[in-house]
Amino acid sequence: MKPLIVVYDFGAAQPGDIAVGLGDWATWVFAAERNEHTLGMEPLLAQFAPIVWIDDLDQAVAQLGAHSPGGIVTFSEKALRLTGELAHRLGLPQHSPATTALLTDKWNQRSALRAAGVDSVRFHRIDTVGQWADAVAHVGLPAVLKPAFGGASRNTFLIEDEADGRRTVERLLAAGTPGYDPEGALVLEEYLVGRDCAPFGDYVSIEQLVQRGEVTDIAVTGKFPMVPPFRETGRFWPSPLDPEETEQVFDLARRAVKALGITTGLTHTEAKLTPQGPRFIEVNGRLGGGINELSRRAIGTDLIEMAGRIALGERVDVPPLPPGRTVYQIIHPAPRDPCELVAVEGTDEIRALPEVTLYRPYARPGTRLEGGVHTRELDVVIGETTGLDELATVFKDVESRLRFTFAFPGEPGVRTVTGAELGRL
């Protein structure tokens, strides 16, 4: 079997995850651009496979071609453009240049989906501050302001006031989107009001795989409620949707995938659950964050392995979700303002819960948190329940038992909040 190129950067799979998914059946080489994250991961990456650094694209293509690769894949939103360019130059199956452009630019994506009749959300591209008034007139307020290219809700804001929105646009366009989009273009989108889905979130993601243009449904991922502005607090399989709405969101995602010209790989599509039915949020042309861990526990299938096999031209099958089990991940996002994590209490209580199999911290006391509106995970609580009613109880229990203490610059003393209160920070 020919080797696989894995284009690595920050994203949905860490080096150890990749090694688990590929290690016992494939050989591979990492390709990566040099940045703070990839350089920090270099010692770990090198334990598993050779690394080709993308300093000069022509030289890197020659180096990668010398390995006689049979396929290419990435698990990073940030690396989609580079992956598409490398695939094009090496003649490997991947998203076409046109599809990559649609996947990595939310304005282009919305435009393509509207043209295909998949999406009717109002939206407007903003390249200069002078376009702000036209954008508001076209979309209306409240609305969602986001970078044309980005991930993890980075620099994504709910805009309710025109003057505040203009100031936010000025700030974002002045700064660009470092590491994502050097042009710094923004998109203003209609704010979709979700229906009451308590105790769960009013949105889902749809996981699918595509082989030679054929879309296969994997699962609909349920979500816990977001905290402001759009930070995630966790996910679970199966979703709380009934069979009819499950098919509706699968069909919405299938039509979106085909409209964007996706012919190979994994997709992660997000949909809002509104009183008028599911509405499209966005399509991502790669594995979703946290989804592989759910898949391994729920159906015994490693989606990193699936992605690798598809990239190498193999045909894969995914088993259905078994009834009677709910697997979940609860995450706690860091505060939006810069601060220091002083203490976390209640972790022993959480680990003692029978429905919890693992509590894993990602930030230790003493960690300085940079702040921001994106989802920066402090930890993850992993477990399993016998159904959604039990899951709702476990979520409430976890949120009440965990307590986080932070020190904010310029504030006397510290602030301690429960997991349930953390979203206000």
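How many helices and strands are there in the protein chain? There are 13 helices and 20 strands. One caution before going on: this is a predicted model.

Overall dimensions next. The chain has 425 residues, and a compact globule of that length would have a radius of gyration near 22 Å. The protein chain has 21 Å, so the value agrees with a compact globule. Along the principal axes, the C-alpha atoms fill a box of roughly 60 × 55 × 50 Å.

Now burial and contacts. Of the 425 residues, 55% count as buried. Take the contacts with a separation of 6 or more: 66% of them join residues 24 or more positions apart.

Then the surface and the charges. The exposed area is about 17700 Å², and carbon and sulfur atoms supply 50% of it. On the charge side, we have 42 positive and 58 negative side chains. The centres of the two sets lie 1 Å apart.

Let's go inside. The largest nonpolar core has 36 residues. Val6, Ile18, Leu22, Trp28, Phe75 and Trp237 touch the most other members. Several elements give two or more residues to this core, among them β1 (4–7), α1 (15–22), β2 (28–32) and β10 (214–223). Two helices are also on that list: α10 (291–299) and α11 (303–311). The largest share, six residues, comes from α11.

Pick out Ile18. Leaving aside neighbours within four places in sequence, its contacts include Val6, Trp28 and Phe75. Ile18 also contacts Ile304. There is a second, separate core of 28 residues, and it includes Phe236, Ile350, Val398 and Val417.

On to helix α4, residues 80–90. Which of its residues are buried? Leu80, Leu82, Thr83, Gly84, Leu86, Ala87 and Leu90. These buried residues pack against β1, β2, α3 (57–65), β4 (71–74) and α5 (97–103). Just after α4 comes Gly91, with a positive phi of about 70°.

Last stop, Val73, which lies in strand β4. Is Val73 buried or exposed? Val73 counts as buried because its relative accessibility is 7%, and the cut-off for buried is under 20%. Not counting residues up to four places away in sequence, Val73 touches Leu4, Ile5, Val6 and Val7. Its other contacts are Thr83, Gln94, Ala307 and Ala311. Compare His95, 22 residues from Val73 along the chain: their C-alpha atoms are separated by 9.8 Å.

Note on methods
Residues numbered from 1 in each chain as written. Predicted model: local features only at pLDDT ≥ 70, side-chain atom pairs only at ≥ 80, totals over all residues. Heavy atoms only, no water. Helix = DSSP H or I, 4+ residues; strand = E, 2+ residues; numbered from the N terminus. Rg over C-alpha atoms; globule rule 2.2 N^0.38 Å. Buried < 20%, exposed > 50% of the residue type's maximum accessible area, 1.4 Å probe, protein only. Contact = heavy atoms within 4.5 Å. Areas by Shrake-Rupley, 256 points an atom, 1.4 Å probe, with all protein chains shown as cover. Lys, Arg positive; Asp, Glu negative; His and termini not counted. Charge placed at Lys NZ, Arg CZ, Asp CG, Glu CD. Core = buried A, V, L, I, M, F, W, Y, C linked by side-chain atoms within 4.5 Å.
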